[in-house]
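Visitor: I have a structure here that I'd like to talk through with you. Could we go over it piece by piece?
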2 protein chains.
Amino acid sequence: MSSVTVSPPVSRPHAFASVFALLTPHMAELDRFLRGQMTSFEPEIRGMADYCIDTTGKRIRPALVFLSGWRGPGAVTPDLVRVAAVVELVHLATLVHDDIMDEADVRRSRRTAAREFGPTAAVLLGDALFAHALHLATQFPTTEICAAVSDSTRKVCAGEIVQTLRRRSTNVTRADYQRIVDLKTAELFRVSCFLGARLAGFEGGYVEAVSRFGRHLGIAYQIYDDLLDFFGEEARVGKTLGTDLVSGKLTLPLLILLERLSADERMTLTAELAGERPPQPLLRLGQMRELGVFAAVSQAVEAEIAAAIGALRDWPDDAPTPLLLGLCDVLQAQVASVRPSG
Amino acid sequence: MSSVTVSPPVSRPHAFASVFALLTPHMAELDRFLRGQMTSFEPEIRGMADYCIDTTGKRIRPALVFLSGWRGPGAVTPDLVRVAAVVELVHLATLVHDDIMDEADVRRSRRTAAREFGPTAAVLLGDALFAHALHLATQFPTTEICAAVSDSTRKVCAGEIVQTLRRRSTNVTRADYQRIVDLKTAELFRVSCFLGARLAGFEGGYVEAVSRFGRHLGIAYQIYDDLLDFFGEEARVGKTLGTDLVSGKLTLPLLILLERLSADERMTLTAELAGERPPQPLLRLGQMRELGVFAAVSQAVEAEIAAAIGALRDWPDDAPTPLLLGLCDVLQAQVASVRPSG
């Protein structure tokens, strides 16, 4: 039996449904824009690029662009749509490459590009998506946008490399985990917020605050995603669960479980992570339930959400603020919805 | 016995040695610049990025940048060095990814990044190099440079994808081959020349002419490289030879051999290319010698060199012209030096 408690979602003017309702027309515009980009790809690879776009993805990074640059529903400029496409394409490119390395067959309930076209073509297709994202980023009056995006892209890759190098290593610390998350996830969240606010012409202090908001929300989101790998439901998440233990990736739920296990059990789990023993995901999930790991991890999510909210404390009256806070509600509600029933 | 004849290298004011002597100090500057870039990479991946830079590579694309922007030895600007670094980094990134896909262990007589760090890290490392190349390309006053580089990068990837998709396919035509070469090799040669001439402030017509020169030289170079895969010497080339037949890649030497073989022999070679029979590279090399394939392929190289020279015909007096023509001499001499002795 779990004794988990998480604070209920705080009620704010723009909660779940209303934030997404606001974004619906702009997401449709983004989809049209992305489809329109396909003609920029060589005819031979157009269908493959289109396959990567055609997802039922969550479009979180475009949402961050739109919300961080929010000045009203009629004020979503073509610049915001273009930069939303840039960050989404960078993200999609990283997914294409991630799925090769993870040897994943399915993502979002459809075959991965690696599975559909083979790993070799998928490496190159990811490259082409990256290149086109950065090409789109040059379609602004100055080099600032492209500079920010290429810098973030390199950081995302660095984060993924560090994670890869640490796989099956069992002396990963919380600081290591934090560093990986900061690079591989929080950076693109941060730059999405930065670009949205910047292109919408908000003042420097607010742009900086919104960027910090994005970073913390990104960390919170990644921790939530790592939680989902154990506590989610496969059908709903649309991908195979328990993969982090199987692939020897020391995420926060596993780090905390290691801290709380007896010395003997810790040795066994360490051997599973190192690939020296067959992994036992169901046993580990049960132990996470017993030892309050869910609560500890969701507290870590909460702490990052609190930091995100804190970043906007001095800017209550700017148009994006209540919407961005609404996103925090959404994430809190999602964490609450995966609360273990056992 | 082969009845091969190739025209001897045409003597021009700046031949082999003198062109490279001119470039030596600028290549040293490029090396210093590239090393200096390593601090832009996250500390965890700096050593890996450095490993990819540390090559005894030919630096052909930087040479094209320097020569196309040539206004005298004292006039190689920091802008030219930076853009030379950009195209070289894009090229190195494609090599890192190529070697994963080709499962190559050795390149330029040292272990490939894929072999040194594993394929997973190599995918991401290539991405990080791409991202940093494009970041460097944003360090110019306008977006033009980055736009040109990202566009070319996408084309290079598209070319590699088409080549990958056609592997083991035996109905590849000369037009298909031309298209692949144009995208995967000629495009980066072309853009190197374009960027060099553009940044050095040459007039539009000359920039365009030099770009066409670069494209044709790139095609010539790739055909030469494909010739080398059969007729080269492993120790000198620094990589395993005969790989195109083994991997089912229909390059020009194999296309021409297929055209010249008897119907029976053609069926056998087709089966080798399709992976249905064990490949017989030594037999095929012998047949290439007997059937004049070397001469036919080197004529194709010559035709592209002639087109490259033709592109500069109306611009004899601009400073880069004799140097670029000198590069043609170098390539002609290289083709002549692999002339089969058998």
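Visitor: Before the details, how are B:Met48's surroundings described, buried or exposed?
Guide: Keeping in mind that this is a predicted model, B:Met48 counts as buried, because it has 22 C-beta neighbours inside 10 Å, and the cut-off for that class is 20 or more. The residue lies in helix H2 of chain B.

Visitor: And which residues does B:Met48 touch?
Guide: Leaving out residues up to four places away in sequence, B:Met48 touches B:Phe117, B:Ala121 and B:Leu125. With B:Leu125 the separation along the chain is 77 residues, while the two C-alpha atoms are 7.5 Å apart.

Visitor: Switching to the two chains, how many residues of chain B are in contact with chain A?
Guide: On chain B there are 37 residues in contact with 37 residues of chain A. The elements that give two or more residues to this side of chain B are helix H2 (43–53), helix H4 (78–101), helix H6 (119–137) and helix H7 (144–166), and the largest share, 14 residues, comes from H7(B).

Visitor: What's the mix by class on that side of chain B?
Guide: The side of chain B that touches chain A has 21 nonpolar residues, together with nine polar and seven charged ones.

Visitor: OK, and what turn lays chain B on chain A?
Guide: A turn of 180°, with a shift of 0.0 Å along the axis, lays chain B on chain A with an RMSD of 0.0 Å. The two copies are therefore related as by a two-fold rotation axis. In chain B the C-alpha nearest that axis belongs to B:Thr143, at 2.6 Å from it, and the same surface serves both copies, since 100% of the contact residues of chain B recur in chain A.

Visitor: Now helix packing: at what angle do H4(B) and H8(B) pack?
Guide: Two packed helices are described by the angle between their axes and the distance between the axes. For H4(B) and H8(B) the angle is about 170° and the axes are 10 Å apart, which makes H4(B) roughly antiparallel to H8(B).

Visitor: Which residues meet there, from H4(B) and from H8(B)?
Guide: From H4(B) come B:Asp79, B:Leu80, B:Val83, B:Val87, B:Val90 and B:His91, and they meet B:Leu188, B:Val191, B:Ser192, B:Leu195, B:Gly196 and B:Leu199 in H8(B). By class, this contact has eight nonpolar, three polar and one charged residues.

Visitor: What about H4 in chain A, how far apart are its end C-alpha atoms?
Guide: The end C-alpha atoms of H4(A), residues 78–101, are 35 Å apart, which agrees with the 34 Å that its 24 residues should span at 1.5 Å a residue. H4(A) is also mostly covered, with 22 of its 24 residues buried, and just after this helix A:Glu103 takes a positive phi of about 50°.

Visitor: Where is A:Arg59 found, and what is its phi?
Guide: Most residues other than glycine have a negative phi. A:Arg59 has a positive phi, near 55°, and is found in the loop between helix H2 (43–53) and helix H3 (60–68) of chain A. With 20 C-beta neighbours inside 10 Å, A:Arg59 counts as buried.

Visitor: And B:Arg168, where is that found?
Guide: B:Arg168 is found in the loop between H7 and helix H8 (174–199) of chain B, and its phi is positive too, near 65°. This arginine, B:Arg168, counts as partly exposed because it has 14 C-beta neighbours inside 10 Å.

Technical notes
Residues numbered from 1 in each chain as written. Chains lettered and ligands numbered in written order. Predicted model: local features only at pLDDT ≥ 70, side-chain atom pairs only at ≥ 80, totals over all residues. Contact = placed C-beta atoms within 7 Å. Helix = DSSP H or I, 4+ residues; strand = E, 2+ residues; numbered from the N terminus. Nonpolar A, V, L, I, M, F, W, Y, C, P; charged D, E, K, R; others polar. Buried ≥ 20, exposed ≤ 12 C-beta atoms within 10 Å, placed from the backbone. Expected span 1.5 Å × (residues − 1). Least-squares fit on C-alpha atoms with pLDDT ≥ 70 in both. Axes fitted to C-alpha atoms, helices over the stretch in contact; angles between N-to-C directions. Parallel < 35°, antiparallel > 145°, perpendicular 65-115°, else oblique.
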